[in-house]
Amino acid sequence: MSRQDSHSFTQLAAYKLLTEHAESCKQLHMRRLFSIDSQRHRKMSLKFDWLLLDYSKNCITDKTLALLFQLAREANLGHAINSMFQQAGLSQINKRPALHTALRNPGSESALVDGHDVMPEVSELLSKMQQLTERLHRREYTGFSGQPITNIVNISIGGSGMGPECICKALTPYHQIPTLSLHFVSNIDGAQIQETLNKLNPATTVFIISSKSFTTPETIANAKVAKQWLLEAASGQNTAQHFIAVTSNHHAATLFGIHDDNIFRLWDWLDYRYASWSAVGLPIVLSIGTRHFMDFLQGAHEMDQHFYQADFEENMPVILALIGIWYNNFLGAETQAILPYDHNLADLPRHIEQLDMQTCGRSVDNFGRTIEYATGPIIWGGNALDNQHAFYQLLHRGNKIIPADFIVSMRTHSIHQEQHDRLFANAVAQTEALMRGRTLNETLSVVDQESYQQHDAENTIPHRVFDGNNPSNMLLLERVSPKSLGILLALYEHKTFTQSILWNINPFDQWGVKLSDSLSHRILQELHIPSCTTQHDASTNTLIRHYREKVYPA
């Protein structure tokens, strides 16, 4: 994006019109909107392959949508989308192109970085991942004792761990080899890797170390623990075959003792939030096999093309993003709930949380200007029916606007479709209840039918009246499959990208973690320095001294 393409979000003409429009919309109730427009659902829903999006249960009108589409055009969203797919780059700071969509491009189209086509390298990497997968699945990959490998441990942190773990969990019904188990270690707390190693046999375990720089402190610390565990068990035998690296730092991986054949390349232009489509997704390929992984990539590619080609009025990611901006910037919502109704999607809220909040949590725009408007919302959520008994009271009866995405599958992979019918019924009922609420007259009718004593009825009526008018989107999947999951994840990637463009922030940088990383390194050194710590604030100094005195007493 060039400087002339930059915009001030709040100075766009549509922003001012939406601000005025929002005041009138605060008096609207969705129940009324449905009653006066019999075509509302038809006009406010979209189908794409395995996915149905119903966005009719939102506090929006035709005018709202028209102004939001105007906002997107004034912010040059179309130009930004074209730039991303044409590899023109978006970062004003590091000048890197955004090529994650090229990783799931099955065609022969080129993808250029500094004039160099990277697609042959992407194809070569996929082939290498396939070859390793076939060796492991055929039980031809053996450890130092000659036994076949039965356990894979993925050591990583952030997107390189959260993404593959979420996807592997979601695609559990597609796991190919029952004798090959996957484990994920990302926490620097030694309890996690110790608990994992206690369940495993060193002779039949392989570790994937996923770190772009191969210097990520948390990842390398856990990798060293794994290496020591193996060396002690191997008693001098060669353990190189027990390690696989996913990195852009080939030299560092070699120094760690990993063989060239087991080093899978990452590129500088790839951000971890979008890396599950690359070698970072090696655990996914190992679990579901190459054919299903290609279906996963194909689903994402088809959503890419939809995002790239569809008019804004028919574009799923754009519509979801604009509705999010409507609540975030014009109606004062501060959060967004992600509510999957499928057991295998239990980890999805965490993945979307990481994608969205790492991308849109900004207070400075592309050109270093302080942002004075709301950017990324707080993303949170949880899985299905369990959480109806945990936090749904807040959604129904709280006094905050909490937009919610209900992500529901229609068919289950289990043999218990009748139970899944109940799950679906609960999800749809929640969206209806959130929208409709319950009036005083409806409540009195219920009280009469339940034969409450007069005194009890009068006391309970205020608590049984629901205002409703709580917004939600319904994303209805035919079934959770590799392809439908690829569609869904790419949809949320592009939604996040769209919002970042309108807010004039860069979706492919993340500077927020750098400060705490540098301070953490300094504090780690100070834990072993007996002299008095004085270079921090009083609270931090005291906490460091207290820790040192208790854990490392003189």
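The paragraphs below lead through a predicted model, taking up an annotated residue, the aromatic contacts, a helix crossing and some backbone details in turn.

A starting point is the record: the unreviewed UniProt entry places the feature "active site" at H389. In the model, this histidine is found in the loop between helix 14, which covers 384–388, and helix 15, which covers 392–397. Because its relative accessibility is 72%, and the cut-off for exposed is over 50%, H389 counts as exposed. A second histidine, H494, offers a contrasting setting, since H494 is found within helix 19, residues 482–502, and counts as buried because its relative accessibility is 1%. H494 can also be placed relative to M44: the two are 450 residues apart in sequence, while their C-alpha atoms are 19 Å apart in space.

The aromatic side chains come next. A pair of aromatic rings is described by the distance of the centres and the angle of the planes. Searching the whole structure gives 18 aromatic pairs. One of these is formed by F207 and W229, whose ring centres are 5.9 Å apart and whose planes stand at 90°, so the pair is edge-to-face. Since F207 belongs to strand 7 (residues 205–210) and W229 to helix 9 (residues 217–234), their contact ties together parts that are 22 residues apart in sequence. Both F207 and W229 are buried.

The aromatic pair of W267 and W269 is stacked, with 5.0 Å from centre to centre and 10° between the planes. W267 has a relative accessibility of 3% and therefore counts as buried, and W269, at 9%, counts as buried as well. Elsewhere, F9, Y15, W326, F330 and Y373 form one aromatic cluster, which brings together residues named here from both low and high positions in the numbering.

Aromatic rings also meet charged groups in this model. The charged end of R40 sits over the ring of F34, at 5.3 Å from the centre of that ring. In a second example, the ring of W277 has the charged end of R104 over it, 4.5 Å from the ring centre.

Turning from side chains to helices, one can follow how helix 6 (residues 119–137) meets helix 11 (residues 282–309): their axes come within 9 Å and cross at roughly 125°. That angle makes helix 6 oblique to helix 11, because the range for roughly perpendicular ends at 115 degrees and roughly antiparallel requires over 145. The crossing of helix 6 and helix 11 is left-handed.

The backbone deserves a last look. Most residues other than glycine have a negative phi. Against that background, which setting does D49 have, with a phi near 55°, a positive value in a residue other than glycine? D49 has its place in the loop between strand 1 (45–48) and strand 2 (51–54), and because its relative accessibility is 46%, D49 counts as partly exposed. F214 likewise has a phi near 55°, again a positive value in a residue other than glycine. The place of F214 is in the loop between strand 7 and helix 9, the two elements that hold F207 and W229 respectively. At 5% relative accessibility, F214 counts as buried.

Technical notes. Residues numbered from 1 in each chain as written. Predicted model: local features only at pLDDT ≥ 70, side-chain atom pairs only at ≥ 80, totals over all residues. Heavy atoms only, no water. UniProt positions renumbered as here; feature names shortened; annotations may be inferred. Helix = DSSP H or I, 4+ residues; strand = E, 2+ residues; numbered from the N terminus. Buried < 20%, exposed > 50% of the residue type's maximum accessible area, 1.4 Å probe, protein only. Phe/Tyr/Trp six-rings, centres within 6.5 Å; stacked < 30°, edge-to-face > 60°. Lys NZ or Arg CZ within 6 Å of the ring centre and 35° of its normal. Axes fitted to C-alpha atoms, helices over the stretch in contact; angles between N-to-C directions. Parallel < 35°, antiparallel > 145°, perpendicular 65-115°, else oblique. Left-handed = near helix turned anticlockwise from the far one by under 90°.
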